[in-house]
Amino acid sequence: MDPSDPAAGRRGCRRALWILAVLLPLAFAARVFNANDGFARDGEVLIARNDASYHARRALYTFENFPRILWFDAYLAYPDGAPVPVPPLYDWTLAAVARGVGSTQRDFERVLAWSPPLLGALALLPVFFAGRRLGGPGVGVLAAGILALLPVHAEFSRLGNADHHAIVALVAACWLALIVRTTLGEERRRIAAVALRAAVMATMLLVWSGSVLLLVLAEGSALAAWVVRGGALPLRNQAFAAATATALVAPWVAVAPTPIGGPFSSTTLSWLHPLVLLGLAGVAAGLAALEGRRRSRDALERALRAGTLGLAIAGVLFTLLPLSTALAPGVRFVAGADRWGLGNVEQAPLFSGFGLSGSPLGPPHRHYGAFAYLIPFAPLALVPLLRDARRRAAAVALCAWTVVLGTLAVLQLRYGNEFAIPAAITFALGLDASARWIGGRVHPLRGREALVAVGVAGLLLAPAFPAYYQNRFGKVVRKLVAADPARLPLGPNDAVFRLMDELRRVTPETSGFLDAGRPEYGVLVRPSLGHVTSYRGRRATPASNFGPYLDPDKLSDAWAFYFGANSEAEALEILRRLDVRYLITEPDRPRRSGFVRRLHAGDGSAGADEPHFGHFRLVTESPVAGGVKASYKVFELVSGADIRIRAAPEASVRAEIALASPIGRRFRFRATARADARGDARLRVPYASTGNGAVSALGPYRIEVDGKSSELSVSEEDVRTGRTLWLEGPPGRASRPTGRMIRSASMDIDADSLERLVPDDLAAGDVTGRKTLTLHLDRYAFAARHAQPGRLLDVACGVGYGTRLLADRAAAVESAIGVDASAAAVAYATRRYADDRVRFEVGDAMQIEGDRRFDTIVSLETVEHLPEPGRFLTRLAGLLKPGGVLVASVPTTPSVDLNPHHLHDFTERSFRRLVEPTGLSEIDCYAQVQKVDVGRVLRRSEARLKEVRAGLPRYYAMHPAALVRRLLSTLRHGFANRYLTVAWRAPVRGHG
């Protein structure tokens with residue numbers, strides 16, 4: 001059909017519209033029934049676990065808090081949070097539509113899940129109209145048909161994939177159709193035409209972080225078409241459209257926080273976007289003005305004018321603004337030239353999976369059919385249009401889209417979604433031209449050119465059906481028609497969704513998901529599970545699918561944990577930096593670290609010649625294939641109960657407990673140790689033998705020493721606080737605490753422990769105890785000087801003498817509460833130091849109700865004992881009233897090597913850095929020095945020194961970094977311990 005024949009066009013238009021009416025539901029069905037991971041086994045519609053989950057998380061925030069936008073998300077880059085690196089319009093629109101549909105989250109998720117296939121099907125309309133204008137109704141229908149079944153477009157707009165891809169493709173198709181209309185001379189000086197083009201520009205910039213790429217391509221292709229065609233009217237309309245789009249975009253940028261990449265970031269919405277729009281408007285307006293003064297003679301002169309004016313405007317902008325630095329991340333993003341890009345399937349080259357059955361990409365025809373192998377030759381299909389003077393300008397614009405996006409699609413799979421739009425039109429034009437050529441030479445085919453084109457298109461798409469559609473359609477149908485969905489195998493996506501539901505069930509809820517609060521803890525996951533953890537699991541994560549574009553340091557730590565940590569000490573150090581409480585492991589990951597491999601496979605239990613992990617306990621897991629094998633596991637970071645056992649020197653000691661997980665799997669946790677030369681053995685265990693958590697104990701611990709056994713109950717409090725439990729051998733006898741004991745309210749206090757001072761019971765020869773008590777009293781005196789009028793909290797108050805000192809010396813303190821995890825210490829403190837203003841409670845700061853606020857909080861020599869010191873100090877800061885004071889102290893010389901109760905070494909700088917994220921400001925500090933009698937320590941000449949770590953040479957051999965720290969500290973400070981106490985003040989509301 002000759003597109004220049006109006007009569008022929010009118011005859012074919014009605015038939016084309018009927019065919020288009022059939023193609024639209026076909027395209028919709030292709031996007032619904034290929035989404036096997038869009039349906040749960042019970043038929044529930046699911047949001048995809050990739051970037052779609054983050055769009056759902058952000059849209060849900062607006063849905064619940066309409067019309068507010070989530071600009072800064074505390075669930076990203078935990079614990080710091082981050083500006084959301086995604087433009088807001090798409091998520092905001094989804095939330096607005098969902099509010100019109102219903103008021104429940106299920107209504108919201110239905111809108112999000114069904115929107116992508118609807119948007120994907122609607123993209124057929126502008127593609128049809130662009131194809132019809134370029135080649136007639138038949139070409140328009142063929143282009144729409146190709147797009148309807150092209151797997152790469154169907155994949156990005158499938159059911160449940162609520163990512164931005166579907167809306168980007170639809171807007172790009174509208175943009176291209178408008179440019180084709182303009183270049184064919186069908187545009188008039190009408191406000192509606194300018195407004196529509198401006199709306200398309202603004203919409204693209206407000207829904208896609210990479211929109212600058214399409215902005216430059218689309219409007220650049222329009223300028224290229226003008227170079228071919230000439231005329232001032234298209235330039236004026238282009239300038240007005242760009243200026244109008246600037247006015248639409250600028251208010252959004254103005255209210256948004258400064259993005260991570262700076263005010264001119266090229267990887268998310270920033271002032272760069274309206275700046276580029278203004279630059280395009282300036283180029284178009286300048287060229288229109290030049291055309292008005294003197295009309296250009298030919299295409300070469302127009303090209304020189306456009307190039308000169310464009311370079312001049314760009315030069316001014318680059319001179320005045322730091323655009324070179326701002327554009328560099330965008331260039332790297334487009335090229336995928338970073339470590340994250342190398343590991344991202346979407347950024348892999350199209351032909352990297354060719355012939356490799358194990359490739360996550362699959363063969364190229366899985367995404368395009370046999371059209372994949374024609375992509376390099378696609379521009380040749382436009383040669384007939386380039387020979388047609390009327391359509392030459394439109395062919396130039398379409399060729400620019402095809403070449404640029406086709407090149408990117410071959411280099412990176414993710415650009416296939418945008419390339420699908422010009423590809424469908426270009427391939428349809430090529431098939432139409434080929435069919436005409438064949439029909440003109442083969443007599444039986446004359447008059448049947450349309451059938452030939454459709455048949456060839458079907459043959460080219462055919463390889464995609466077994467490679468892409470067949471398996472997906474089958475899975476969807478089986479899920480929807482299964483009589484008993486529970487008997488179906490649990491696929492990988494189902495396992496992830498079930499895991500996230502379990503994560504929410506077994507872990508405490510956190511603030512900040514739908515409000516302005518800050519999450520109380522984070523969950524470390526492999527970054528590719530970050531978004532689904534944020535949305536479905538409703539838990540904050542340090543690293544996510546955004547990769548290095550939020551916080552590269554946190555991403556590096558996450559990779560180091562999953563693929564680099566080979567010991568519990570290394571893992572604990574990483575988790576301390578990330579300040580997380582839970583972590584998720586999964587099997588069958590290549591290059592997993594030795595620590596993660598052992599933790600997942602053995603639940604932290606001791607293996608042959610491998611130690612157990614005392615700070616990680618399983619809290620839940622997700623099954624596979626209906627069995628009891630765990631696919632994903634959730635572990636909690638705990639202090640672990642510290643079991644001390646008296647046994648024969650060098651005797652082997654083992655603790656074992658039977659456990660059951662939520663999926664019915666039964667397993668045993670084993671901890672092993674060997675007694676030192678003094679007969680002391682130490683086992684740190686992470687599981688309680690009492691309580692009914694998701695992972696439940698099936699009995700007490702069984703302690704075995706040289707073939708003899710006894711039983712021991714470990715409480716949840718023991719595990720969470722790291723309490724020391726003493727057993728005196730041989731096993732089989734009733735277990736009892738050892739050491740010199742003080743009886744108080746029927747509880748025992750070990751007065752000779754390194755970590756417990758009882759002033760009333762200090763022995764005459766206890767030199768270390770008396771020196772330590774003096775230091776403690778001086779710290780409390782410093783804290784008393786900074787105590788504020790009102791309520792005071794003393795965390796880890798011990799036997800209470802410091803709490804009473806604070807109350808006595810700070811007369812303005814109305815009430816003082818001492819909190820300690822030890823019931824024995826609290827009972828003693830209550831009897832010895834309580835009065836009308838001073839009382840004591842059993843507990844810890846992490847469990848204090850959020851509505852209790854204090855004017856002063858003191859916690860001395862506590863932080864070094866805790867697995868999550870940063871989280872602890874953040875919690876204390878959160879309990880302060882505005883203007884309140886926090887006083888805390890730590891040793892600032894190494895202590896972990898000698899004191900087994902300590903988990904962390906600090907310097908003055910590292911201690912202060914823990915408090916920086918809380919927003920508190922330092923007001924005073926107090927340094928102390930304690931000389932150490934090395935001989936007394938090594939000889940253990942005092943009862944209090946019995947807990948000093950034995951076997952130091954072996955410890956240093958296993959922890960060479962600790963030896964280096966000890967040597968450097970000795971060279972700098974001599975044989976002395978140093979301590980730092982710091983007072984910080986909370987900001988007053990409205991003043992910082």
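I179 is found in helix α8. This is a residue of a predicted model, and it makes a handy starting point. Is I179 buried or exposed? Its relative accessibility is 1%, and buried means under 20%, so I179 counts as buried. Which residues does I179 touch, leaving aside those up to four places away in sequence? They are R197, A218, S221, A222, A397 and W401. Take R197 from that list. I179 and R197 are 18 residues apart in sequence. In space, their C-alpha atoms are 8.7 Å apart.

Now step back to the whole protein. It has 35 helices and 23 strands. Of its 992 residues, 55% are buried. Next, take the contacts in the protein with a separation of 6 or more. Residues 24 or more positions apart account for 72% of them.

Two of the residues that I179 touches, A397 and W401, lead us to helix α18. Both are among the buried residues of α18. Others there include A393, A394, L398, L405 and L408. In an α-helix there are 3.6 residues a turn, so residues three or four places apart point the same way. How does the length of α18 fit the expected rise? Helix α18 runs over residues 392-411, which makes 20 residues. At 1.5 Å a residue they should span 28 Å, and the end C-alpha atoms are 28 Å apart, so the two agree.

Helix α3 can be checked in the same manner. It covers residues 89-101, 13 residues in total. From first C-alpha to last it reaches 18 Å, close to the 18 Å expected at 1.5 Å a residue. Which residues of α3 are buried? They are L89, Y90, D91, L94, A95 and A98. These buried residues pack against α2, α4, α8, α9 and α11. Helix α8 is where we began, with I179.

Strands come next. Start with β21, residues 880-891. Ten of its twelve residues are buried, so β21 is largely enclosed by the rest of the structure. What are its partners? Strand β20, residues 854-860, pairs with β21 in the parallel sense over six bridges. Strand β23, residues 976-985, pairs with β21 in the antiparallel sense over seven bridges. Follow V887 in β21 to see both pairings. V887 stands opposite V858, and V887 also stands opposite A983 in β23. Helix α31, residues 869-878, belongs to this region too. Together β20, α31 and β21 make a right-handed β-α-β unit.

Finally, look at the aromatic rings. The distance of the centres and the angle of the planes describe a pair of rings. How many aromatic pairs are there? The count comes to 22. In one of them, F667 and Y687, the ring centres are 6.5 Å apart and the planes stand at 70 degrees. An angle over 60 counts as edge-to-face, so this pair is edge-to-face. The pair links distant parts of the chain, 20 residues apart. F667 lies in strand β9, while Y687 lies in the loop between β10 and β11. Both residues are buried. Elsewhere, ring pairs link F561, Y562, F595, F613 and F616 into a cluster.

Rings can also have charged partners. R58 lies over the face of W71, 5.8 Å from the ring centre. The charged end of R779 sits over the ring of Y979, at 4.5 Å from its centre.

Definitions and conventions: Residues are numbered from 1 along each chain as its sequence is written. This is a predicted model: local features need pLDDT of at least 70, side-chain atom pairs count only at pLDDT 80 or more; totals for chains, interfaces and linings use all residues. Side-chain values use heavy atoms; hydrogens and water are left out. Rings of Phe, Tyr and Trp (its six-membered ring) pair if their centres lie within 6.5 Å; planes under 30 degrees apart count as stacked, over 60 as edge-to-face and the rest as tilted. Helices (H or I, at least four residues) and strands (E, at least two) are DSSP runs, numbered from the N terminus. Buried means under 20% relative accessible area, exposed over 50%, partly exposed in between (1.4 Å probe, protein chains only). A charge sits over a ring if NZ of Lys or CZ of Arg is within 6 Å of the ring centre and within 35 degrees of the ring normal. The expected span of a helix is 1.5 Å times one less than its number of residues. Contact means heavy atoms within 4.5 Å. Two strands pair if DSSP finds at least two bridges between them. A crossover is right-handed if, with the strands pointing away from the viewer, the path from the first strand over the helix to the second runs clockwise.
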